[in-house]
Each structure stands twice: as C-alpha cells, then as structure tokens.
Amino acid sequence: MTVKRAISGAFAGAAVLAATAACSVSFNAGSSLDRADVEQTLADALEKETGTKPDKIECPGDLEGKLDTTMECTLTSDSAEYAVELTVTKVDGLDVRFDYKVASTTKDGSTPEAAFDETMLEERVSSILEEEVGQRPDKIDCPGDLAGKVGETMRCTLSAGTDEIGLTVTVTEVEGTSMNFNVEVDES
C-alpha cells in the first residue's frame, strides 16, 4: 500500500508569458532607445520575470525618452501573439524608465490555456516542498509541460541523496493563466 502526503501549491505565469503584471525597466538612452535595444531590454526583463524567454519581440520603432510616451510591441510565444504596452514613466537625464504590461489575451482575442513548462513546474514543486519540509530536494524531474486543466495529473520524481521518490502533481483550479495544484509525495 502506498501512502501519499498532499501538499497544496499555486503558481501564475504561464509559459506563454501572458500573466505578467505591469513591470518597470530602466535604461540609459539619451533622447531615445533604438528599436533593437527596446526589443532586447523587454525580452530580457520578461525572461527574468517569468523564467521563459519569448520567441520574439517586435516593436514598431525607437522608444522616445519622453515622459508618458507609449508604444505597443508584439510578443510572440508558442505561436501566439500578445500586445505589450510600454509607457515611459520617468526621465532623469540619460536614465529612462518604462513600464510594460502584457495583454492577457492574444491579438486575435483568444485566451490562452494555462500551461506551465517543465522547468517552471520542477522549480515551483521544489520550492513548495522546501517550504513544506524545510529542505530543498536535490532534483525534481517531470516528463514535460503541465496542461492547465482541472484534474490533469503528472507523475514526477523527487531525488534526495540516493533516494528517488515518486510524486503526483494534480491541477485543482485554473483561472486564466493561474493554476492551483496539489503535490502528493509517495511515502515509499
């Protein structure tokens, strides 16, 4: 008989990057930041925030270093396109700060299905287990991305020293690109 211990967790921030809140980026630009630099700065900020690098960022031109200047760029991730609204919020000499917000729906109006890539899932499960038991596993190995559908399950392996223990991740709730789930660790 296998005994399981259930641990609840949640995370938001789908692989599609659509769950990002308004965030800020600061750069030295002078009168404007050239298009390629805006695209790279935005891609780097999104990767740092979500752990997932966008497939592509396209902006229509240079971003003027003037307070309240706005620009809409296009983020492509997993073949879906999202609008990204940039707004210059601070200009102090050559230091320019802009906020960005990724739309929660694609440019064609569809809402992406919540899904979390394998790496994000493994990292989040490791963090939850560390919070719950006070020790981080050496490794969590999941076989792929987790679809955001209530009832969806995935078997993963927890490695701690020479021990390998199975665990099951079960999606319990999905709202937009946020997902709640339980982690059940096998006792033997």
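Which residues have the most contacts inside the largest nonpolar core? The legends below start there and then move through the rest of this predicted model.

**View 1. The whole chain, before zooming in.** Here's the predicted model in full: two helices and 14 strands make up the secondary structure. Of the 188 residues, 43% are buried. The accessible surface comes to about 9,800 Å², and carbon and sulfur atoms own 43% of that. Take the contacts with a sequence separation of 6 or more, and 52% of them come from residues 24 or more positions apart.

**View 2. The largest nonpolar core, with Leu-42 in the picture.** This core has 21 residues, and Leu-42, Val-84, Leu-86 and Tyr-100 are the ones with the most contacts inside it. Helix α1 (35–50) and strands β6 (70–77), β7 (80–92) and β8 (95–102) each put in at least two residues. Leave out its neighbours within four places in sequence, and Leu-42 is in contact with Ile-57, Cys-73, Val-84, Leu-86 and Tyr-100. Apart from this core lies another, with 19 residues, including Phe-116, Met-120, Val-169 and Val-185. As a rule, nonpolar side chains in soluble globular proteins tend to be buried together.

**View 3. Strand β8 and its two faces.** Follow the side chains along β8 and they alternate. Val-96, Phe-98, Tyr-100 and Val-102 point to one face and are buried. Asp-95, Arg-97, Asp-99 and Lys-101 point to the other face and are not buried. Tyr-100 was already in View 2, as one of the residues with the most contacts inside the largest core.

**View 4. The β7–β8 hairpin.** These two strands run antiparallel, with eight bridges joining them. Asp-92 stands opposite Asp-95 of β8. Two residues sit between the strands, and Gly-93 in this hairpin takes a positive phi near 65°.

**View 5. Asp-68, a positive phi without a glycine.** Asp-68 sits in the loop between β5 (63–64) and β6. Its phi is near 70°, a positive value in a residue other than glycine. Is Asp-68 buried or exposed? With a relative accessible area of 57%, Asp-68 is exposed.

**View 6. Strand β12 between its partners.** On one pairing, β12 (residues 153–160) goes antiparallel with β10 (residues 139–141) over three bridges. There, Asp-141 has Thr-157 of β12 as its bridge partner. On the other pairing, eight bridges join β12 to β13, again antiparallel, and Ala-160 is bridged to Asp-163 in β13. The β12–β13 hairpin has two residues between its strands, and Gly-161 takes a positive phi near 65°.

**View 7. Cys-156 up close.** This cysteine belongs to strand β12. Its relative accessible area is 3%, so Cys-156 counts as buried. Setting aside residues within four places in sequence, Cys-156 is in contact with Ile-140, Asp-141, Cys-142, Pro-143, Ile-165, Gly-166, Leu-167 and Val-169. Val-169 also turns up among the residues of the 19-residue core. Gly-144 is twelve residues away along the chain, and its C-alpha atom is separated from that of Cys-156 by 9.4 Å.

**View 8. Thr-170 in strand β13.** Thr-170 has its place in β13 (residues 163–175). At a relative accessible area of 17%, Thr-170 is buried, because the cut-off is under 20%. Not counting residues up to four places away in sequence, Thr-170 touches Gly-151, Glu-152, Thr-153, Asn-180, Phe-181 and Asn-182.

**View 9. Salt bridges around helix α2.** The count for the model is six salt bridges. In one of them, the side chains of Glu-123 and Arg-136 meet at 2.7 Å, N to O. Glu-123 is in helix α2 (residues 118–133), while Arg-136 is in the loop between α2 and β10, 13 residues apart. Glu-123 is partly exposed at 44% relative accessibility, and Arg-136 is partly exposed at 30%. Glu-123, Glu-130 and Arg-136 are linked in a salt-bridge network. Glu-131 also forms a salt bridge with Arg-124, their closest N and O atoms being 3.9 Å apart.

**View 10. Asp-186 meets Arg-155.** The side chains of this pair form a salt bridge at 2.8 Å, N to O. Asp-186 lies in strand β14 (residues 178–186) and Arg-155 in β12, so the bridge ties together parts 31 residues apart in sequence. Asp-186 is buried at 9% relative accessibility, whereas Arg-155 is partly exposed at 43%.

Notes
Residues are numbered from 1 along each chain as its sequence is written. This is a predicted model: local features need pLDDT of at least 70, side-chain atom pairs count only at pLDDT 80 or more; totals for chains, interfaces and linings use all residues. Side-chain values use heavy atoms; hydrogens and water are left out. A nonpolar core is a set of buried Ala, Val, Leu, Ile, Met, Phe, Trp, Tyr and Cys residues joined through side-chain atoms within 4.5 Å. Buried means under 20% relative accessible area, exposed over 50%, partly exposed in between (1.4 Å probe, protein chains only). Helices (H or I, at least four residues) and strands (E, at least two) are DSSP runs, numbered from the N terminus. Contact means heavy atoms within 4.5 Å. Accessible areas come from the Shrake-Rupley method with a 1.4 Å probe; for residues, only the protein chains shown count as cover. Two strands pair if DSSP finds at least two bridges between them. A salt bridge is a side-chain nitrogen of Lys or Arg within 4 Å of a carboxyl oxygen of Asp or Glu.
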